[in-house]
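Hi,

Here is the structure I said I would pass along. Have a look, and my notes follow underneath.

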Amino acid sequence: MKRICCLVAVLWAGWLAGVQAAVPELKDIVSGKYSQKHPGRVSPLNDGVHYLQKSDDGKKIVKYAYSTGKAVETVFDSGTARECPFETFSGFIVSPDETKLLLYTDVEPIYRRSFKANYYTFEIKRNLVKPLSDKGKQQIATFSPNGRMVAFVRDNNIFLKKLDYDTESAVTTDGLQNRIINGATDWVYEEEFSETSTLSWSPDDKILAYMRFDETDVPEYSIQMFEGLYPRMSQYVLYPGEFTYKYPVAGQKNSTVGVYTYTVETRAVKKMDVPVDEDGYIPRICFTRNPEQLAVMTFNRQQNCFRIYAANPRSGISKLLLQEQNDAWIEADIKDYVTFYPDFFIVASEKDGYRHLYQHSLTGALIRRLTKGEWEVTGYLGYDSKGEFYFESDAEGPLYRAIYKVDTKGKITKLSSHKGTNNAQFNPSCTYFINSYSNAGTPVKYTVNDRQGKELRTLEDNSALASLLSTVSYARKEFFTFKNDVGIELNGYMMKPLGFDPAKKYPLVMVQYSGPGSQLVVDAWAFNWEQALAAEGFVVACVDGRGTGGRGESFMKSVYMKLGVSEAEDQIAAARYLSAQSYIDGKNIAIWGWSFGGYMTLMSMSMSSGVFKAGVAVAPVTDWRYYDTVYTERYMRTPAENMDGYLASSPLEKAGNLSGNLLIISGTADDNVHYLNTLQYSEALVQAGKQFDMQIYANRDHSIFGGNTRLHLYTKIVGFLKTRLAD
């Protein structure tokens, strides 16, 4: 009997080992089988103790208590709401007075962030649904503070819906495709300033402010569209169609922008007299708490001078509140830190070499500096009645993010409990916040915390994902540091193959993005196609080189005017450092990346003299003269100002120096990094006598996604690397 039990134990252990030996398949990774679960968007309410949330089935909006998580009431139910024409909805917006909702359905994407939809108003007390407009889909519907009006955009014009009277009137009438945009933003503002709306209501409901874009003189770019299969566009079955839009490349003309106000009672339109350069930018406008003060934020074209003006919405006269200048550039998201309160406003600045928070009076005078240290504030989160300010930072090191508060005396208190990556969403009164936490070995956990940081309850712990992961074997991240060729310490992570044997030598795949301010080497959970590479026997490594974020201004801005050069040098140095490790096959190293990362693949393969045996460049920029004004000129200025820098930063100019086996991948309908980049670069390789592999995806944009596309793409890359890095 004892012998039989031992045999059973051995067989059982063998079965368990077989289960543990299973590895995630690429198709399951791409399909999202191992994706983290998110608890859904939360809309905090003004009482400071409740929030609203859409139900999982998209049919209801439920009111919950922060502290207990209990459902207090169902605010909206498509099955019981009066005159509701839809069963499910995509999203909702709460009116500032919380008496109404805007619900939207039938979402139609425009670009990366913008969309059209059918909006509906819902009066909570009357349980009544009404269409916002019956004249076509709308954009950026925006409640007035009292909830009695909604401004929205349709066909590049602004309209005003007075809900009390059920009337719709035009605020502007000159909107025209590829000519004039009112209220919404043009392509480059949406892509590079992350803005889709410029509508802003005065606190007293009397005035609507907006921006007008005149893109008449901006050069057009045309994208051919084909029949395709996902979706199939039958109108192009025999001849391709064309999508044309305004896209300003480096050095070319941008939209001319202006700020206007519309007085509801008189319908008077007034242009604000803001001293912005003719070729400058207005990345954001917003009313302060004072209805007579409209904040207008501007950049010069070089984006090294940021100003905040206070404009009188009736007279149009403006006054300078704050000016920030830099020898290199100012990050575009500085505008998102600007927050106005009744007696002061908050801004962020890198003027001491690290991003920190400053408090200013409404006249612009500095009241106090709120944070200080050789670390970065990575997000401003709120202010409470006790006079405490809440923020996110990397004070524990560039790999980490934690949540803090600081009082007016400068005392800083950490609120998040676990070291890794923390992000928080506070309610307006800062009585509660929802914290998301993960580290390299732990999927994200969402908790509700009080203002002292105490965890009250768990919204989502991704236990189902953790359970699923316990049934498979997968590679873990190991962090490391090394010094580049000029003695600067760089951060990296590595994932070793399953069944790693230190006595063996493995091929290496370096993954990177490398764009200014970006970070991939962080202590956060990620489970993506890199796991498939590790399962195939590759060591996977990632290094954040010069130019990336979390290390202060001098580290990030060292790449100014010569984008891509130092970054490529650091990837080459990383490859050489890794090749010196006993378990790395230094003759079989590949590098890959997407977008800026694809650009960096080309730069690295062209500057390394054979360090990389193979490389994969997905949707790469191949010459910065082909990319948009806002992004490119922020780091490079215009070609006329810095042609030497453009030439030094161009893979196109270095095509003859490309060393190694290259796979280049693009979508033909990429509105961001145009297919033109790949075509021009491939022609340069042809004329230089360089052989290469190419994969093109019809009608795919920058994400190269849809149907079976993403699985095909990663399968192609894995197959290419297995073939090219074979001994």
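To start you off: which residue in strand 33 is the bridge partner of N422? It is Y437. Keep in mind that this is a predicted model.

That pair belongs to a bit of sheet I went through strand by strand. Strand 32 and strand 33 (residues 432–439) run antiparallel and are joined by 6 bridges. They are part of an open sheet of 4 strands, paired antiparallel in the order 32-33-34-35. The edges are taken by strand 32 (421–426) and strand 35 (455–460); each has a single partner strand, so one side of each has no neighbour in the sheet. On average, neighbouring strands here are turned by 25° against each other, ignoring direction.

Next, the charged pairs. Searching the whole structure turns up 32 salt bridges. As a general point, side chains of opposite charge can pair when their charged atoms come close. A few that I looked at:

- R126 with E123: the closest N and O atoms are 3.3 Å apart. R126 counts as partly exposed because its relative accessibility is 42%.
- D166 with K161: again a salt bridge, with 3.3 Å between the closest N and O atoms. The two ends sit in unlike settings: D166 is partly exposed at 48% relative accessibility, whereas K161 is buried, with a relative accessible area of 5%. The cut-off behind that call is that buried means under 20%.
- E653 with R625: the closest N and O atoms are 3.4 Å apart. E653 lies in the loop between helix 11 (643–648) and strand 42 (661–667), and R625 in the loop between strand 41 (614–618) and helix 10 (629–636), so this salt bridge ties together parts 28 residues apart in sequence. E653 is partly exposed, with a relative accessible area of 46%, and R625 is also partly exposed, at 26%.

There is a network as well: K27, D28 and K33 are joined into one by salt bridges that share partners.

Last, something without charge. V237, L238 and Y239 make a nonpolar surface patch of about 400 Å². Of these, V237 is found in the loop between strand 16 (220–225) and strand 17 (241–246). With a relative accessible area of 47%, V237 is partly exposed, and patch residues need over 30%.

That's what I have so far. Shout if anything looks odd on your screen.

Cheers

Note on methods. Residues numbered from 1 in each chain as written. Predicted model: local features only at pLDDT ≥ 70, side-chain atom pairs only at ≥ 80, totals over all residues. Heavy atoms only, no water. Salt bridge = Lys/Arg side-chain N within 4 Å of Asp/Glu carboxyl O. Buried < 20%, exposed > 50% of the residue type's maximum accessible area, 1.4 Å probe, protein only. Helix = DSSP H or I, 4+ residues; strand = E, 2+ residues; numbered from the N terminus. Patch = residues over 30% accessible without salt bridge, like charges linked within 9 Å, V, L, I, M, F, W, Y side chains within 5 Å. Areas by Shrake-Rupley, 256 points an atom, 1.4 Å probe, with all protein chains shown as cover. Pairing = 2+ DSSP bridges. Axes fitted to C-alpha atoms, helices over the stretch in contact; angles between N-to-C directions.
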